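Biologist: Please bring up the model. Then I will challenge the labels.

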Amino acid sequence: MPPPARSPDTVASGASSFPPSGQHPHTGRAAAATAGGAVIWGTLGPVAALFPAGHLLHMAELRLLIGAAALYLLARWRRSPDIPWKRRELMAVALGSVAVSGFSVCYFHAVELSGVATSTVIAIGGAPILAGLTARFVTRRPVSRTWAVATAVAVTGIALVSLPGGALAFSLQGTAFAALAAALYAAQADTIQAVARRHGPATAVAAIFGGAALTLTPWLPGAVPWAAADPGRLAGVVYLGVFTTAVAYALFAHGVSRLGSPTAVTISLLEPATAAVLAAVWLNQSLSVLRWLGIVLVLFGLALMMRPQRDGGLSP
């Protein structure tokens, strides 16, 4: 029997493309898991904005530490197989740890300087493009036209949501922090995918976030009394650690391992839409008609990305 012809919906030739076409019977569930993680992430900025300024590293360290502990318990509960680590995988864990901790610091700095909605859409909006470029030119994996169109539509929506004006703050320095966070976000997605290949998504995120928490341990002695001094602050830090870190990243890692980094990162653009709506409703940050149109475009782009096809996978 001759091999099936390659789909013309592939931008470049290669072994596989994004999104995967019939690659796994549970791609729909993986997409839903990624979307669920993105919605939870959307609450991170609004909750972080309620904390007093000047304690970003304290908040980031405690969030990573609590999240790493929860992810470790999840990996133990799932009884991940004890597979020997290769040097390349350990390097990926190290890079991912730096990317995760760096993303937390840069993102929270951007929130302080530029506000929740603008910071979130820049930090997350640029990541799919970087993830796709990495897949295409670094790992030599082609991306599909559907991924390219869906990402272009969603990122256009992100650009509309991030337009300066209204009650939203704008800072060049904050924008720079958000752009750096975008690069770090794409890097952490790539490293999660690389480690999850042999060790599974639960072990991958547990190892990477454990390393990320270690990179910020110099701020731990000051972070614990800072959080313990106020019950509301402590509850907020626990929420950020358990839900926006452990739960959200466990869902995201599942999606990355099934769909690949570019597709999962594009689906996670649902986070900026969630954050922008919460910023408008919860924090009274006004959103113009263009920003609401941007949110609609993000949702439309994700609908294109998640459109089912005949073989049960995502759009080719």
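Biologist: How do the residues lining the largest cavity divide by class?
Modeller: They divide into 6 nonpolar, no polar and 2 charged. The lining is Trp41, Leu44, Arg63, Phe103, Ile124, Tyr185, Tyr249 and Glu271. Arg63 and Glu271 are charged by definition (Asp, Glu, Lys and Arg count as charged; Ala, Val, Leu, Ile, Met, Phe, Trp, Tyr, Cys and Pro as nonpolar; the others, Gly among them, as polar).

Biologist: What should I know about the source?
Modeller: This is a predicted model, where local features need pLDDT of at least 70, side-chain atom pairs count only at pLDDT 80 or more, and totals for chains, interfaces and linings use all residues. Residues are numbered from 1 along each chain as its sequence is written, and side-chain values use heavy atoms, leaving out hydrogens and water.

Biologist: What makes a space a cavity or a pocket?
Modeller: Escape of the probe decides (on a 1 Å grid over the protein atoms alone, a 1.4 Å probe fits in a cavity but cannot get out; a pocket is an open set with protein on both sides within 12 Å along at least five of seven lines; lining residues have an atom within 4 Å of a point). The structure holds 1 cavity of 30 Å³ or more. The largest cavity has about 50 Å³, and the largest pocket about 510 Å³. Each volume is the space filled by probe spheres set on grid points, joined across faces, edges and corners.

Biologist: Which residues lie nearest the centre of the largest pocket?
Modeller: Thr139, Asp190, Thr191, Ala194 and Arg197, out of 21 lining residues. By class, the lining has 9 nonpolar, 5 polar and 7 charged residues. Helix 8 (172–199) is one of the helices giving at least two of them; its 7 residues are the largest share. Helices here are DSSP runs (H or I, at least four residues), numbered from the N terminus.

Biologist: Why are helix 13 and helix 14 called roughly antiparallel?
Modeller: Their angle is about 150°, with the axes 9 Å apart. Axes are lines fitted to C-alpha atoms over the stretch in contact, and angles run from 0 to 180 degrees between N-to-C directions. Under 35 degrees is roughly parallel, over 145 roughly antiparallel, 65 to 115 roughly perpendicular, and the rest oblique. The value is over 145, so helix 13 and helix 14 are roughly antiparallel.

Biologist: Which residues meet there?
Modeller: Leu270, Ala273, Ala276, Val277 and Ala280 in helix 13 meet Trp292, Ile295, Val298, Leu299 and Leu302 in helix 14 (contact means heavy atoms within 4.5 Å). The contact has 10 nonpolar, no polar and no charged residues.

Biologist: What makes helix 4 oblique to helix 9?
Modeller: The axes cross at roughly 60° and come within 7 Å. That angle fits none of the named ranges, so helix 4 is oblique to helix 9. By class, their contact has 6 nonpolar, 5 polar and no charged residues.

Biologist: Why are helix 9 and helix 11 oblique to each other?
Modeller: Here the angle is roughly 130°, with axes within 9 Å. It also belongs to the rest, so the pair is oblique.

Biologist: Is the crossing of helix 9 and helix 11 left-handed or right-handed?
Modeller: Right-handed. The near helix is turned clockwise from the far one by less than a right angle; anticlockwise would be left-handed. Pro201, Val205 and Phe209 in helix 9 meet Thr245, Tyr249, Ala253, His254 and Ser257 in helix 11. That contact has 5 nonpolar, 3 polar and no charged residues.

How values were computed. Helix = DSSP H or I, 4+ residues; strand = E, 2+ residues; numbered from the N terminus.
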